[in-house]
Amino acid sequence: MTASILPGELLASLNASIQCRQLQIQQTACLLASDFPSPPTLVLHGPEATGKTLTINALLEAIDTPSAIVRSKECITTRHLLERTLIEVQKGLGDIARSVDGRCESISAFVVQLHRLLEGQKKYILVFDNIDRQREAAPTLLPALARLGQVIPDLTIIFIVTHPHPSQFHMTGIPHINFPSYTRADLLALVSASPLPLDPPPGSTLAFTPSDLSYLYPRFATAVHDSLAQPTRNSLPAFRTLCDRIWPSFIAPIFAGHYGPREFSKLMVRNRHLFQSEDALRESIIEP
């Protein structure tokens, strides 16, 4: 089914830009296909920084279906969330958007105005990102939003959450797509795909090629992960930050002329203190 939904070249481009999430891309694309009915409600869930928002953003740009994304954690109150949602939906519709009052004293008023905005629309996708972190959310907010797709024809509601509770939405049959934590291989592939630079200091006569960096950085990232990354709990931002902190000290002997970028074993011996100390794991506002 995926081949008929997204052209092979486009699917390959998505898989290349969002690495280690091929299965989730295919599953989400199947459910949101423009030519097929979509479920009224869909939940994308998983730990932080596992590609949920990145994946849905890329897919919505790839398909022709009008859509809007609401950043729930940026909304202070429930009323702010509902009124912000109407604004985002109007932006997503563009010139064909109808005029509405925009004030939402209750969920009922919000549903009436949203229905007016989407009346006659063949299909629309509305995403609530980090909806489980909405401030001052009443217990009935999520169940009410989850039923919008049943009340308004051809509307699909997508919730992006961290850890969904079985009774959170007060309804059954909602498709869930899991974005698990990255594995060791995933983390190394993601970090090595965007290595830190190996640029000599100003005035240096040293010169390095891209192949030198592609040789050195994956080995460096592997050493960092195996030595120090256990406390990061497979968090991509934490692992990337850890590499950022250690990299300048690790390549300092290269710039000093002691070793070349291909002498990884000697660099490891010279810099073994970097991988034996936990100083890089400590947060500080003072630069070392």
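Which residue lies over the face of Y215, and at what distance from the ring centre? The legends below start with that view. This is a predicted model, in which local features need pLDDT of at least 70, side-chain atom pairs count only at pLDDT 80 or more, and totals for chains, interfaces and linings use all residues. Numbering runs from 1 along each chain as its sequence is written, and side-chain values use heavy atoms, with hydrogens and water left out.

**View 1. R219 over the ring of Y215.** R219 is the residue lying over the face of Y215, 3.9 Å from the ring centre. A charge is taken to sit over a ring if NZ of Lys or CZ of Arg is within 6 Å of the ring centre and within 35 degrees of the ring normal.

**View 2. The aromatic pair Y217 and W247.** A pair of aromatic rings is described by the distance of the centres and the angle of the planes. Here the ring centres of Y217 and W247 are 4.9 Å apart and the planes meet at 70°, so the pair is edge-to-face. Rings of Phe, Tyr and Trp (its six-membered ring) pair if their centres lie within 6.5 Å; planes under 30 degrees apart count as stacked, over 60 as edge-to-face and the rest as tilted. The pair links distant parts of the chain, with Y217 in helix 10 (residues 210-228) and W247 in helix 11 (residues 236-255), 30 residues apart. Helices (H or I, at least four residues) and strands (E, at least two) are DSSP runs, numbered from the N terminus. Y217 is buried at a relative accessible area of 2%, and W247 is buried at 3%. For these labels, buried means under 20% relative accessible area, exposed over 50%, and partly exposed in between (1.4 Å probe, protein chains only). Zoom out a little and you meet one aromatic cluster formed by Y217, F220, W247, F250, F264 and F275. A search of the whole structure finds 10 aromatic pairs.

**View 3. F159 in the largest nonpolar core.** In soluble globular proteins, nonpolar side chains tend to be buried together. A nonpolar core is a set of buried Ala, Val, Leu, Ile, Met, Phe, Trp, Tyr and Cys residues joined through side-chain atoms within 4.5 Å. The largest one has 33 residues, of which L114, L145 and F159 touch the most other members. Elements giving two or more residues to this core include strand 2 (67-71), helix 5 (78-93), helix 6 (107-118) and strand 4 (155-161). Leaving aside residues up to four places away in sequence, F159 touches T41, L42, V43, L44, F128, I131, L142, L145, A146 and F169; contact means heavy atoms within 4.5 Å. A second, separate core of 29 residues has A221, V224, L236 and F250 among its members.

**View 4. The salt bridge between R71 and D129.** The closest N and O atoms of R71 and D129 are 3.3 Å apart. A salt bridge is a side-chain nitrogen of Lys or Arg within 4 Å of a carboxyl oxygen of Asp or Glu. This one links distant parts of the chain, as R71 belongs to strand 2 and D129 to strand 3, 58 residues apart. R71 is partly exposed, with a relative accessible area of 28%, whereas D129 counts as buried at 6%. The whole structure holds 11 salt bridges by this search.

**View 5. E88 and its partners on helix 5.** K91 forms a salt bridge with E88, with 3.9 Å between the closest N and O atoms. Being three residues apart in helix 5, K91 and E88 are separated by about one helical turn. K91 is exposed at 59% relative accessible area, while E88 is buried at 16%. Widen the view to find a network of salt bridges linking E74, R84, E88 and K91. E88 also touches A68, I69, V70 and Y124, not counting residues up to four places away in sequence.

**View 6. Two loop residues with positive phi, E136 and D154.** E136 is not a glycine, yet its phi is positive, at about 50°. You will find E136 in the loop between strand 3 and helix 7, exposed with a relative accessible area of 62%. D154, also not a glycine, has a positive phi near 60°. D154 lies in the loop between helix 8 (148-151) and strand 4 and is partly exposed at 47% relative accessible area.
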